[in-house]
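Q: Please take a close look at the aromatic rings of this structure and at the parts of the chain around them. I would like one connected account rather than a list.

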Amino acid sequence: MVLSCGNKNKPQGEMYAVSPSKETISDVNRYLSEKDKAVIEGFGRRNKLKLTLSESGFYYHIFNRGYGKAISQNSTAHITGTLSLIDGTLCYSYTKEEPKAVALAKSPEITGLHVALPMLNEGGQGLFIFPPNLAFGLL
């Protein structure tokens, strides 16, 4: 829903609501997805990363698959590292002393983690770049 109202310094007009159609929302999401794809691919080029596009739509680079136990949907993974926006803004940081426990089958964490973490074994290291629809969402 899009709302419009006047500026307090100007005389207020009527407030009205517009309900966009499913097609309009779909078009906007498609546009944003293409824009996100270009941003992520540009990030990979600038940082000389060999990124692979997963079937689920996120990009990844596996540095080390790991040699421990396989991670499954029934696993609780203890992750370390950082979670940041593509511009480098830090969102979260997890250390070996204080890792983040993610119960894959039950966790409300970023949707992409449920698909990405099973690509690794215990001790593995990877870079995962999630577009908004697999992270915190689109429209």
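A: What follows starts with the ring pairs and then moves outward to the sheet, the pocket and the remaining strands.

The model is a predicted one, and its chain contains 2 helices and 9 strands, which come along the sequence in the pattern β-β-α-β-β-β-β-β-β-α-β. Of the 139 residues in the chain, 24% are buried.

The structure has 5 aromatic pairs. In one of them, the ring centres of F58 and Y60 are 6.0 Å apart and the planes stand at 55 degrees, so this pair is classed as tilted. Both residues of that pair, F58 and Y60, are buried. A further pair brings together F58 and F130, whose ring centres are 5.3 Å apart and whose planes are also at 55 degrees, so this pair too is tilted. This contact between F58 and F130 links distant parts of the chain, since F58 belongs to the loop between β3 (52-53) and β4 (59-64), while F130 belongs to the segment after β9 (125-129), with the two positions 72 residues apart in numbering. F58 counts as buried because its relative accessibility is 1%, below the 20% that serves as the limit for that class. Taken together, ring pairs join F58, Y60, F128 and F130 into a cluster.

The strands named in this description, β3, β4 and β9, form an open sheet of 3 strands in the order β3-β4-β9, with antiparallel pairing. β3 and β9 are its edge strands, each pairing on one side only. Between β3 and β4, which run antiparallel, there are 2 bridges, and L53 has Y59 in β4 as its bridge partner. As a general matter, strands of a sheet pair through backbone hydrogen bonds, in either a parallel or an antiparallel sense.

On the sequence side that leads into β3, K48 lies in the loop between α1 (22-46) and β3. The phi angle of K48 is near 50 degrees, a positive value in a residue other than glycine. Most residues other than glycine have a negative phi. K48 counts as exposed because its relative accessibility is 74%, whereas F58 is buried at 1%.

Two residues of the aromatic cluster, F128 and F130, appear again in the description of the largest pocket, which has a volume of about 1400 Å³. This pocket is lined by 43 residues, and those closest to its centre are T82, L83, L113, F128 and F130. The elements that contribute two or more residues to the lining are α1, β5, β6 (81-84) and β9, and β9 gives the most, with 5 residues. By residue class, the lining divides into 24 nonpolar, 14 polar and 5 charged residues.

Two of the contributing elements, β5 and β6, have pairing partners of their own. Strand β5 (residues 76-79) has a covered face with A77 and I79, and an uncovered face with T76 and H78. In a regular strand the side chains alternate between the two faces of the sheet. β5 is joined by 4 bridges to strand β8 (residues 100-103), and these two strands run antiparallel; within this pairing H78 stands opposite A101 in β8. V102 is also found in strand β8, and V102 counts as buried because its relative accessibility is 1%. The C-alpha atoms of V102 and I79 are separated by 7.5 Å, although the two residues are 23 residues apart along the chain.

The loop between β4 and β5 holds S75, which is buried with a relative accessible area of 18%. A polar atom of the S75 side chain lies 2.8 Å from the backbone nitrogen of S72.

The other of these two elements, β6, pairs with strand β7 (residues 90-94) in the antiparallel sense over 4 bridges, and S84 stands opposite L90 in β7. The hairpin of β6 and β7 has 5 residues between the strands, and in it G88 takes a positive phi near 95 degrees.

Notes
Residues are numbered from 1 along each chain as its sequence is written. This is a predicted model: local features need pLDDT of at least 70, side-chain atom pairs count only at pLDDT 80 or more; totals for chains, interfaces and linings use all residues. Side-chain values use heavy atoms; hydrogens and water are left out. Rings of Phe, Tyr and Trp (its six-membered ring) pair if their centres lie within 6.5 Å; planes under 30 degrees apart count as stacked, over 60 as edge-to-face and the rest as tilted. Buried means under 20% relative accessible area, exposed over 50%, partly exposed in between (1.4 Å probe, protein chains only). Two strands pair if DSSP finds at least two bridges between them. On a 1 Å grid over the protein atoms alone, a cavity is a set of points where a 1.4 Å probe fits but cannot get out, and a pocket is an open set with protein on both sides within 12 Å along at least five of seven lines; lining residues have an atom within 4 Å of a point. Grid points are joined across faces, edges and corners, and a volume is the space filled by probe spheres set on the points. Ala, Val, Leu, Ile, Met, Phe, Trp, Tyr, Cys and Pro count as nonpolar, Asp, Glu, Lys and Arg as charged, and the others, Gly among them, as polar. A polar contact is a pair of N or O atoms within 3.5 Å; within protein, one must be able to donate a hydrogen and the other to accept it, and residues adjacent in sequence count only if both atoms are side-chain atoms.
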